[in-house]
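Visitor: I have never looked at this structure before. Could you walk me through it and tell me how you know what you say?
Guide: Gladly; let us open it up and begin.

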Amino acid sequence: MQKSTQSFFDEMQLDVVDLDESRVRQIYSAYQNWLKDIPLHQLESKRQEAELLFRRVGITFNVYGEEDGAERLIPFDVIPRIISANEWEKLSAGAIQRVKALNMFLHDIYHQQDIIQAGIIPSSILANSQYRPEMVGVDVPQQIYAHVAGIDLVRTSESQFYVLEDNLRTPSGVSYMLEDRKMMMRLFPDLFRRYSVAPVDHYPQVLLKNLRAVAQTSNSEPTVVLLSPGAYNSAYFEHAFLAQQMGIELVEGTDLFVRNNAVYMRTTQGPQRVDVIYRRIDDDYIDPLVFNPNSMLGVPGLLSVYRNGGVTLANAVGTGVADDKATYIYVPEMIKFYLNEEPLLENVPTYELSKEEDLKYTLAHLHELVVKEVQGSGGYGMLVGPAATKKEIEEFRLRIVSKPANYIAQPTLALSTCPTLVEAGIAPRHVDLRPFVLSGKTVTLVPGALCRVALKEGSLVVNSSQGGGTKDTWVLEAGELEKTQLSENSCETKQVTTIKTEIKTKQKAKQKTIENIVEPAC
Amino acid sequence: MLSRTADHLYWMARYIERAENMARVLEVTYSMSLVPNAAQSEAALWLPALEIAGNVDQYEEEYGNVDAAKVIHYLSMDVNNPSSIYNALRNARENARAVRVDMTSETWENINALWIEFDQFRGADLTKAGLPEFCDWVKARSHLFRGVCFGTMLRDDAFSFVRLGTFIERADNTARLLDVKYHLLLPDEEEVGGAVDYYEWSAVLRSVSAFQAYQKIFSDSIVPWRVAELLVLRRDMPRSLHACLDEITPILEQLAGRRQVECRRLAGELHAKLRYGKMQDIFQRGLHEFLSDFIDSNNLLGAEIQRAFLSINAS
């Protein structure tokens with residue numbers, strides 16, 4: 001077993017070498033109490049059981065270019081990430097505030113452009129390739145652009161969280177939030193008796209309600225569909241899962257066609273009008289008549305119907321301009337400008353390499369910075385200075401110099417770690433957190449998130465395309481458990497006993513909650 | 001429902017049924033090969049299996065002469081043979097995956113588990129004792145598939161298209177099997193009733209799970225025309241042509257509703273022939289002619305179903 005590295009904040013602060021329980025963070029103490037009686041091989045067999053179940057249910061993704069049914073699993077870790085009710089309150093308020101401002105920004109940038117006139121964001125943003133002139137002057141229902149937003153958060157200390165990036169196009173991963181929870185409840189039902197974990201499985205219902213609310217046609221029972229690129233897309237499982245949970249049709253581009261300013265799907269009983277499309281296809285592929293003409297995934301003529309209000313797209317077209325890494329820098333300013341509030345969540349300090357002095361600084365400190373491509377995603381096209389070889393740094397330097405405006409740089413953050421089951425045993429691995437913010441009549445999020453974990457020792461890249469895994473994220477319900485934890489950690493054992501007694505007395509009520517939450521995992 | 005969804009469900013069911021029938025043919029041929037003097041040669045024994053699958057030419061091109069090991073591999077595992085069990089099951093699973101939303105999770109997981117389990121047979125030697133075990137497995141998975149559909153799916157259009165696929169495919173397979181075997185077993189006016197003959201015909205019956213049914217209904221020695229009657233006209237025999245059309249016709253009535261579609265008329269016509277046909281007349285005209293007509297009409301029916309409900313331009 002490995003000793004946790006002291007320079008990183010650990011979510012649990014488990015010290016497996018000293019077995020010193022007093023250092024374990026309060027919210028994990030009941031978990032630690034449980035964990036110490038569980039032999040490692042038993043955890044490992046639970047992990048294998050989870051893998052088997054995921055395979056059976058088909059929670060897999062295709063790898064492009066690999067034949068013969070090569071489907072992969074995103075690794076699942078059996079040790080949860082636990083977040084206290086207090087922490088969650090802060091994070092969710094911050095994420096909601098951010099998404100509100102981003103939606104207002106999107107409306108503004110496609111209409112009056114006040115924020116440019118106020119001199120807060122430079123007009124060069126209009127030249128961004130993600131800015132869609134086709135959307136100028138188009139009114140979207142309730143001025144919601146990002147119906148679903150994934151806000152990537154990282155933590156560096158007990159109190160310090162940063163927003164790493166906003167995902168406003170077709171953010172994915174929410175199915176893992178839901179499936180990981182189901183899996184944990186199946187594997188470790190007893191843990192859910194020790195902890196009062198806030199339920200997350202109403203997410204699809206909230207999303208469906210929001211989607212129905214943005215229909216612009218007079219239909220009182222609007223038809224909502226999920227538009228997927230198809231079974232060979234890496235996120236196909238998620239598309240199928242969400243469509244099933246919401247009870248809506250999962251369609252592909254060829255299932256839809258445009259006629260008389262309306263979108264129809266081809267059914268065995270003839271054409272049927274579609275009012276709202278929850279699309280999981282990027283802007284570029286959605287309408288070959290307007291964007292990429294080679295796209296086989298989209299629907300010819302869709303954009304024109306959309307612009308005329310014949311159908312609603314979620315997310316709206318053109319949201320990419322707001323989650324671009326070059327725009328990211330201005331989000332705190334947006335919050336002040338549109339909401340007249342102080343940002344609740346901080347941005348990572350960012351160097352814009354289009355600026356002379358930032359470029360100079362960055363080139364001199366490449367070995368300690370993270371450099372990202374402005375339009376890159378999925379962990380591709382980035383340099384992690386401290387982990388890179390000299391050769392990699394020099395190659396990247398040439399790329400930066402040739403097109404500085406394509407890059408931003410950030411200090412290498414000391415991402416928090418969370419104990420994770422790896423081959424050698426339980427060891428700290430770096431994690432991030434992606435809560436999903438839903439915008440409808442109100443802006444909300446279910447108390448949970450996708451927690452991604454970098455499984456390679458020391459790695460800071462958590463993306464699944466780069467070998468990252470996922471963990472279930474437990475947001476604890478506010479209540480008795482929480483209150484006890486607010487006191488000092490000096491009398492650990494006593495507290496654990498207190499918590500246990502309280503749980504016992506509340507057990508009946510809780511069991512009921514659990515029964516309501518538990519669904520058969522398959 | 002979406003036409004594409006209906007298409008995937010229909011073909012999923014067809015491919016599962018196809019795999020099952022292929023397994024039945026392999027199994028029965030294999031058990032024949034254990035009977036001494038059953039056939040003049042290995043080639044004579046295994047060629048009909050290829051004929052039933054309908055791709056002798058492709059086989060000869062790829063493998064040359066007919067021998068047991070090669071035919072078994074070709075029909076069970078060959079990646080390049082579009083009607084091998086491997087490809088049938090793979091296609092069934094791919095179709096299922098594309099519409100996993102439109103079936104119950106039990107149905108989906110059942111097919112997915114089938115595909116995961118299939119891995120244990122890849123690379124196994126099927127020429128020896130492995131073959132019956134493999135064929136039993138394919139049949140059992142197919143039974144399970146029907147059971148899980150029947151036991152869990154809502155009785156809506158999705159269910160109808162699954163059933164439709166099953167019976168169109170089954171009718172085709174039963175007709176082919178009977179045609180090839182009958183052809184082969186009755187060369188001339190030769191005398192029937194010998195021991196080998198008994199084995200042959202009981203094998204045919206077993207391959208469509210009809211051996212016990214035959215005994216029960218006729219309780220007599222096995223004679224070819226009664227086997228034919230059982231597999232063509234008996235509506236209470238679940239793999240017979242009549243039984244298949246008994247299922248197909250009402251499904252098409254219900255799916256078509258008030259629409260006048262050709263497939264509905266065709267099914268009715270085909271159904272009437274089986275319902276009111278007499279075995280004596282069929283034999284007089286020739287069983288082979290009757291069966292090859294049936295196979296053609298059934299193919300046409302499939303194409304018309306495709307045109308009316310499933311193709312992307314259906315609406």
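Visitor: What makes strand 5 of chain A largely enclosed by the rest of the structure?
Guide: Keep in mind that this is a predicted model. A residue counts as buried if 20 or more other C-beta atoms lie within 10 Å of its own. In strand 5 of chain A, residues 161-167, 5 of the 7 residues are buried, so the strand is largely enclosed.

Visitor: How do you know that strand 4 and strand 5 of chain A pair?
Guide: Two strands pair if there are at least two bridges between them. Strand 4 (residues 148-155) and strand 5 of chain A are joined by 6 bridges, and they run antiparallel. One example is A:Arg155, whose bridge partner in strand 5 is A:Phe161. A hairpin of 5 residues links the two strands.

Visitor: And what makes strand 13 of chain A a partner of strand 5?
Guide: With at least two bridges as the cut-off, strand 13 (residues 346-347) qualifies, as 2 bridges join it to strand 5, and these two run parallel. There, A:Val163 stands opposite A:Asn347.

Visitor: Which residues of helix 7 of chain A are buried, and how do you know that they are on the same side?
Guide: In helix 7, residues 203-213, the buried ones are A:Tyr203, A:Pro204, A:Leu207, A:Asn210 and A:Leu211. Around the axis they cover an arc of only 125°, which puts them on the same side of the helix.

Visitor: How many residues are in the largest nonpolar core, and which have the most contacts inside it?
Guide: This core has 218 residues, and A:Leu102, B:Ala19 and B:Leu26 have the most contacts inside it. Helix 1 of chain B (residues 3-33) gives the most, with 16 residues.

Visitor: Why do you say that this core lies between domain 1 and domain 2 of chain B?
Guide: Both domain 1 (1-153) and domain 2 (157-315) give residues to the core, so it lies between them.

Visitor: What does B:Leu26 touch?
Guide: Two residues are in contact if their C-beta atoms lie within 7 Å. Leaving aside residues up to four places away in sequence, B:Leu26 touches B:Ala49, B:Ile72, B:Leu75, B:Ser76, B:Leu131 and B:Cys135. Apart from this core lies another, of 12 residues, including A:Tyr351 and A:Val370.

Visitor: How many residues does each chain bring to the contact?
Guide: Chain A brings 21 residues and chain B brings 20 residues. By class, the side of chain A that touches chain B has 9 nonpolar, 6 polar and 6 charged residues.

Key
Residues are numbered from 1 along each chain as its sequence is written. Chains are lettered from A and ligands numbered from 1 in the order in which they are written. This is a predicted model: local features need pLDDT of at least 70, side-chain atom pairs count only at pLDDT 80 or more; totals for chains, interfaces and linings use all residues. Helices (H or I, at least four residues) and strands (E, at least two) are DSSP runs, numbered from the N terminus. The arc is that of the directions from the helix axis to the C-beta atoms. A nonpolar core is a set of buried Ala, Val, Leu, Ile, Met, Phe, Trp, Tyr and Cys residues joined through C-beta atoms within 7 Å. Domain bounds come from an automatic or database domain assignment. Ala, Val, Leu, Ile, Met, Phe, Trp, Tyr, Cys and Pro count as nonpolar, Asp, Glu, Lys and Arg as charged, and the others, Gly among them, as polar.
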